[in-house]
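The following exercises are to be worked with the sequence and the 3D structure at hand. Each task is followed by a solution in steps.

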Amino acid sequence: MSNQKKRNFQIEAFKHRVVVDPKYADKTWQILERAIHQIYNQDASGLSFEELYRNAYNMVLHKFGEKLYTGFIATMTGHLKEKAKLIEAAQGGAFLEELNKKWNEHNKALEMIRDILMYMDRTYIESTKKPHVHPMGLSLWRDNVVHSVKIHARLLNTLLDLVHRERTGEVIDRGLVRNVTKMFMDLGESVYQDDFEKPFLEASSEFYKVESMEFIESCDCGEYLRRAEKRLTEEIDRVGHYLDAKSEDKITSVVEREMIANHMQRLVHMENSGLVNMLLNDKYEDLGRMYNLFRRVTNGLATVRDVMTSHLREMGKQLVTDPEKSKDPVEFVQRLLDERDKYDRIISTAFGNDKTFQNASNSSFEYFINLNTRSPEFISLFVDDKLRKGLKGIADVDVEVILDKVMMLFRYLQEKDVFEKYYKQHLAKRLLSGKTVSDDAEKSLIVKLKTECGYQFTSKLEGMFTDMKTSEDTMRGFYSSHPELSEGTTLTVQVLTTGSWPTQPAVPCNLPAEVSVLCEKFRSYYLGTHTGRRLSWQTNMGTADIKAVFGKGQKHELNVSTFQMCVLMLFNNSDRLSYKEIEQATEIPAPELKRCLQSLACVKGKNVIKKEPMSKDIGEDDLFVVNDKFTSKFYKVKIGTVVAQKETEPEKQETRQRVEEDRKPQIEAAIVRIMKSRKILDHNNIIAEVTKQLQPRFLANPTEIKKRIESLIERDFLERDNTDRKLYRYLA
């Protein structure tokens, strides 16, 4: 089988030649041409589409596809030219209606013709790469009707005029305009864009350019923005009704450019109505509108943000540097909180909680709060005021809100360690005088500070609370071991751990014999129950309740400081005492004694003693007697010590000095930590790293960092490089 020849089968065309009538093509085309005329004349009811399809099919089959194709184009072109003349003849408003009518007729005719010539569409046109029947029909309409010399410009002008009339308040036939613009879209994207969209956008640009100039000259900023927003909404609505959806971005871009972008600076700075005016007068609606419009244009929000930041910084600077507004620390901080609340509300209500605006607001507050070096002290005084009396009767939830607001200001402070110093002093006074409104509020704030700054920041503050609790237990133990002391004069002692509490110089004072005996008994008890401890009495921090009888037997209980108690007890043995005698008997330092006597003799309603001569200031030659005529509607009378709420200048200097001293070991520790991990580092990088590490507590001074580096070199923690003096090495 392998030797047999393989046979290849081949099918050949039929040898007999089919003879076609020479006039077949002409006759068949005449039938089809007549049908096309009838279709265009809307007289197609009597046509047999099956027969017409077969005729077109046979023409293509017998290689007359070209004749059929060119014939269909020529016939359709003739009809479209006739239609163009009818459209041209239409006057006024009838022009578009006639165009729309003829366009609809052409589309129906084109569908019928396409069905008849379907075989040609699928075979002849496909093989010759010519345009298909339907696209060809659209191209012929475009070339013979839309691009007709007498129609092209007129059509565009008519459409633009209708749009202009609608913009100026007239009602137009939107359905008709939609049909015409859809015709452009059906003719192809390039036709829609070149013949309508581009001129439409140019005309719109010119319209809004002129209108925006008119508006900006006659309207305030708020009104201008309302009109711009209205125009933008109208254009978006217009696109939905009779334009291509892709035109929306383009036309809104035109409105945004002409009405917003080109007038941004003038709008935000508009006198008596611009952005600053809106901020000052809480115009949330206008601010929201400005934000939503300006966000649509390049650098729009940056412009709004820059003006807001500039205004906020200027306003804040005036607030914190005005000596009048710095007189009352509580009011000072309250103003800051009010401004913070205001801008939080603006950013959440009008600016959609935009993070960039929140950051700008935060940086502005941080900038101006730190312009006033007393801000840490004032914030601590504000907390002190609230925790002493300002939170009475306020629900726990509202207390938390106030504390959170305080923490927000605290975060802005660059010198958090200064706040810590003052806060510790104020907390100590509140705890020792029992004047705190709520222990829960106190502890809540400490938890917040701990979360913000870490355990080290609050460990001593927590130690103060521990001491207060331990002292209660100690006093119970003391009175249990001395039951005989339960009657008569009683003593309450708070034992404070030196490291936890603010350092106070021990002020000398001769206590009355009754109290002195009790103090000695307590000292013996305490040192007997605790080994290795020392007690030093802080008489300047104590208080006393004493019973007094005035004039005609009127009795009162006086709540006084320990110093005031020492002074008043002297009058049990003397009717009249001079300043010198009081000073000698009590040994209270002169400044403290003068303040003490001033509060006892010169404060109206609290003057339990009288001084001679009467004056506001205490002199060394003054004489003092008990005020027998003293009366009060209260049985218990609290006599405060005349003291400034804010620090005096020397006290301020002393606090600052203590803060600077406390910073030195922290800076040194940071330098050592950095050098231990890096081994070798240049001067500038050490400064940058130390500043960054200490930023959560305070802003380190580069000069001080340099001094600490020198100190560490002297103590052999670091050494300078032999070749590069700005390079430091860590010595293990």
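**Exercise 1.** In this predicted model, determine which strands helix 26 lies across, and at what angle the helix runs to strand 3.

*Solution.* Locate helix 26 at residues 579–586. This helix lies across strand 3 and strand 5. Its direction makes an angle of about 85 degrees with strand 3.

**Exercise 2.** State the order of the three strands in the open sheet, and explain why one side of strand 3 and of strand 4 is left without a neighbour.

*Solution.* The order is 3-5-4, with antiparallel pairing. Strand 3 (576–578) and strand 4 (609–612) are at the edges and have a single partner strand each; therefore one side of each lacks a neighbour in the sheet. On average, neighbouring strands of the sheet are turned by 25 degrees against each other, direction ignored.

**Exercise 3.** Find how many bridges join strand 4 and strand 5, and which residue of strand 5 stands opposite Ile609.

*Solution.* Strand 5 covers residues 623–626 and pairs with strand 4 in the antiparallel sense over four bridges. In strand 5, the residue opposite Ile609 is Val626.

**Exercise 4.** Classify Lys67 as buried, partly exposed or exposed, and list its contacts beyond four places in sequence.

*Solution.* Lys67 belongs to helix 3, residues 65–89. Its relative accessible area is 31%. Partly exposed covers the range between under 20% (buried) and over 50% (exposed), so Lys67 is partly exposed. With neighbours within four places in sequence left aside, Lys67 contacts Ala25, Asp26, Trp29 and Met59. For Asp26, 41 residues from Lys67 along the chain, the C-alpha separation is 9.0 Å.

Note on methods. Residues are numbered from 1 along each chain as its sequence is written. This is a predicted model: local features need pLDDT of at least 70, side-chain atom pairs count only at pLDDT 80 or more; totals for chains, interfaces and linings use all residues. Side-chain values use heavy atoms; hydrogens and water are left out. Two strands pair if DSSP finds at least two bridges between them. Helices (H or I, at least four residues) and strands (E, at least two) are DSSP runs, numbered from the N terminus. Axes are lines fitted to C-alpha atoms, for helices over the stretch in contact, and angles run from 0 to 180 degrees between N-to-C directions. Contact means heavy atoms within 4.5 Å. Buried means under 20% relative accessible area, exposed over 50%, partly exposed in between (1.4 Å probe, protein chains only).
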